[in-house]
Amino acid sequence: MAELESLETAAEHERILREIESTDTACIGPTLRSVYDGEEHGRFMEKLEARIRNHDREIEKMCNFHYQGFVDSITELLKVRGEAQKLKNQVTDTNRKLQNEGKELIIAMEELKQCRLQQRNISATVDKLTLCLPVLEMYSKLREQMKSKRHYPALKTLEHLEHTYLPQVSHYRFCKIMVDNIPKLREEIKEVSMSDLKDFLESIRKHSDKIGETAMKQAQQQRNLDNIVSQHPRISGGKKCKKEVCASSDLEVKNTSPMSEQDSGILDVEDEDEDEEVPGAQDLVDFSPVYRCLHIYSVLGARETFENYYRKQRRKQARLVLQPPSNMHETLDGYRKYFNQIVGFFVVEDHILHTTQGLVNRAYIDELWEMALSKTIAALRTHSSYCSDPSLVLDLKNLIVLFADTLQGYGFPVNQLFDMLLEIQDQYSETLLKKWSGVFRNILDSDNYSPIPVTNEEVYKKIVGQFPFQDAELEKQPFPKKFPFSEFVPKVYNQIKEFIYACLKFSEDLHLSSTEVDDMIRKSTNLLLTRTLSNCLQNVIKRKNIGLTELVQIIINTTHLEKSCKFLEEFITNITNVLPETVHTTKLYGTTTFKDARHAAEEEIYTNLNQKIDQFLQLADYDWMAMEPGSKASDYLVDLIGFLRSTFAVFTHLPGDVDVHSTMSGKVAQTACMSACKHLSTSLMQLLLEAEVRQLTLGALQQFNLDVEECER
């Protein structure tokens, strides 16, 4: 058993030795470890040393066999070492030269390396700047647009910047700053655009007057053009009728007419500029701020806020515009400025309505117009009631018509304005009546109440042209001769016609029918005759200092004016083209007016005669205790009878043809004579029956009888 183990150990040691001989020294560790793991490492060392000795012997044998070759090799190696040293020196020298020569190359390469690095950095920078520059350019453009107040383009630029450019470079710090500033910029644009809107609202408030003036001027030009083009003038074209009638009558009293000095037309002021082109509202006002602000608020999603703000501010402005100045009624310019502002306001709103989508709508405009219409009509009613000048009232009417036509051209309903003008027409008639009352008073006060003398044919035709008078006998008489009436007859007649012209002027452009115009003129003329002229005549007749001669002349004058009433009827028919036979035609009451005046004059004659008789009777001085009567009638009675004779002689001058003279003059003279005799008889009886007369003598009664007999003769 022991031998077997020793054989195995020897075999193992032999294997290990072979491994040591054949294995690389780097991998010998595991082999040696197996030796030391066993318990026979002493025996292994012995075998290892024996193996080393065997190898040494073999090496020695080999060395002895190859010694000469070894010596030769050493000799050759020594030679090679010399050559190698030379080669080394050459290599060193070459290397030194190469190093010296390569220094510049190394520097150039370093420079090239640095350039390549810079080139890469520049290329990267250019790429980044290519992305950033559009952002910076857009931001710069945004700032420039805001600086130049181009807010809507600025908002569009901001939208592009936010959604297109900034997302590409969002990781840069400056972009984050821009992103943070975008809400602030939007708010700034919003505030600035609102500020521009406020400036716009203030501007149109100040320019409403000018806008309205130009709009009304355009409406006037259009109306003038329509009148020129029109083939058939309306009934309101009374001026033409007036010119035709005046051409035939050639009135000289035209210069004294209260309406002749100024032809109540406010519309002729700008005649010399009619051919000039009138600018429109868009030419006078820059509407771009409101458009920009509307677009900006629409883009920002706040359109409703903007609409509410705009409408609220314009309502406030409307209330200010519709508040008339306290002294508006004093001058036409006050009314004109008031109308200009209202027209300007609604012209702007109409322009906004048609140039924006939904900023204002028709319902909003109609609501404003209803408010404006009610306030305007109330203001006109109040202020026009203060006006006492018919010329101003007529000018106001023309201005209201132009105001209505202007707004009607923009689509606003104006029927209520024309209805109100019919109310003002009544006031206009009252002011005319007051004015003509003064005219009639001046004519009657300045009249000499004497027949008009005529010295030649020219003067005669002139008077006949002024007043419709025909008398064949007077025409046959040689010059000089006299008209039976005094100067106030043609003057009053022509002033009545002037009054009719004035009434006709008010009816122009009121869209009234011929019948309505005719009715209006006739009613106003009736008031003039029955109230104004009648009162003036009554006042003249009732004057204290009026004489019988004047009263007789008034009777003559009123008789001729009464005859002229049919010519006034024809005159009204000519200018209104409404026949007097029409069912609803109002008749003139001039005949009644002049008859009443004539009767009043006759009564005044009777009264004056009785007063004169009383004055003479106051001179009566009877001696009721006289014993003997006088030889003749009393002196006061003789004077009284002489006065009555001269007075009744005046009645021979009463006017008219044979029939009229025989009836009118006879009636007035007869009535006056009977009234005087009756009054004288009653007064004489009163003298006898006075309480102071307590007793009478026969002589006194005989004297009284002489006076009565004188009266009978």
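Are Y338 and F339 buried or exposed? In this predicted model, both Y338 and F339 are buried. The two residues belong to a set of 21 aromatic pairs found by a search of the whole structure. Their own pair is tilted, with 6.0 Å between the ring centres and 45° between the planes. A second tilted pair is formed by W369 and F412, at 5.2 Å centre to centre and 45° between the planes. This pair connects distant parts of the chain, since W369 lies in helix α12 (residues 362-384) and F412 in the loop between α13 (390-409) and α14 (415-446), 43 residues apart. W369 and F412 are both buried.

Further aromatic residues are gathered in one cluster, made of Y460, F467, F469, F479, F483, F485 and Y493. One member of this cluster, F479, precedes a cis peptide bond: the bond from F479 to P480 has omega near -5°. P480 is placed in the loop between α16 (472-476) and β2 (481-482).

Two contacts between a charged side chain and an aromatic ring were also identified, as follows. R311 lies over the face of Y364, at 5.3 Å from the ring centre. K397 has its charged end over the ring of F506, 6.0 Å from the centre of that ring.

Helix α11 (residues 332-355) was examined for length and burial. At 1.5 Å a residue, its 24 residues should span 34 Å, and the end C-alpha atoms are 34 Å apart, so expectation and model agree. Of the 24 residues of α11, 18 are buried, and the helix is therefore largely enclosed by the rest of the structure. One of the residues of α11 is E349, which forms a salt bridge with R314 of helix α10 (residues 303-321).

The closest N and O atoms of R314 and E349 are 2.6 Å apart. Because the two residues lie in different helices, α10 and α11, the salt bridge ties together parts that are 35 residues apart in sequence. Both partners fall under the 20% cut-off for burial: R314 counts as buried at 1% relative accessibility, and E349 counts as buried at 0%.

In total, the structure holds 20 salt bridges. Another of them joins R531 and E430, with the closest N and O atoms 2.8 Å apart. Here too the contact links distant parts of the chain: R531 is in helix α18 (residues 514-541) and E430 in helix α14, 101 residues apart. R531 is partly exposed, with a relative accessible area of 34%, and E430 counts as partly exposed at 32%. A salt bridge is also formed between E487 and K491, for which the closest N and O atoms are 4.0 Å apart. E487 counts as partly exposed at 37% relative accessibility, and K491 is partly exposed with a relative accessible area of 31%. Elsewhere, D93, R96 and K97 are joined into one network by salt bridges that share partners.

Helix α20 (residues 565-576) was treated in the manner of α11 with respect to length. Its 12 residues should span 16 Å at 1.5 Å a residue, and the distance between the end C-alpha atoms is 17 Å, which agrees. The buried residues of α20 are C565, L568, E569, F571, I572, T573, I575 and T576. An α-helix has 3.6 residues a turn, so residues three or four places apart point the same way. After α20 comes N577, which has a positive phi near 60°.

A positive phi is also found at Y449, with a value of about 55°, although this residue is not a glycine. Y449 is located in the loop between α14 and β1 (453-454). With a relative accessible area of 5%, Y449 is buried.

On the surface, Y67, F70, I74, L77 and L78 make a nonpolar patch of about 520 Å². Among these residues, L77 lies in helix α4 (residues 67-147). L77 has a relative accessible area of 52% and is therefore exposed, the cut-off for that class being over 50%.

Definitions and conventions
Residues are numbered from 1 along each chain as its sequence is written. This is a predicted model: local features need pLDDT of at least 70, side-chain atom pairs count only at pLDDT 80 or more; totals for chains, interfaces and linings use all residues. Side-chain values use heavy atoms; hydrogens and water are left out. Patches are made of residues with over 30% relative accessible area and no salt bridge: like charges are joined within 9 Å, nonpolar side chains (Val, Leu, Ile, Met, Phe, Trp, Tyr) within 5 Å. Accessible areas come from the Shrake-Rupley method with a 1.4 Å probe; for residues, only the protein chains shown count as cover. A salt bridge is a side-chain nitrogen of Lys or Arg within 4 Å of a carboxyl oxygen of Asp or Glu. Helices (H or I, at least four residues) and strands (E, at least two) are DSSP runs, numbered from the N terminus. Buried means under 20% relative accessible area, exposed over 50%, partly exposed in between (1.4 Å probe, protein chains only). The expected span of a helix is 1.5 Å times one less than its number of residues. Rings of Phe, Tyr and Trp (its six-membered ring) pair if their centres lie within 6.5 Å; planes under 30 degrees apart count as stacked, over 60 as edge-to-face and the rest as tilted. A charge sits over a ring if NZ of Lys or CZ of Arg is within 6 Å of the ring centre and within 35 degrees of the ring normal.
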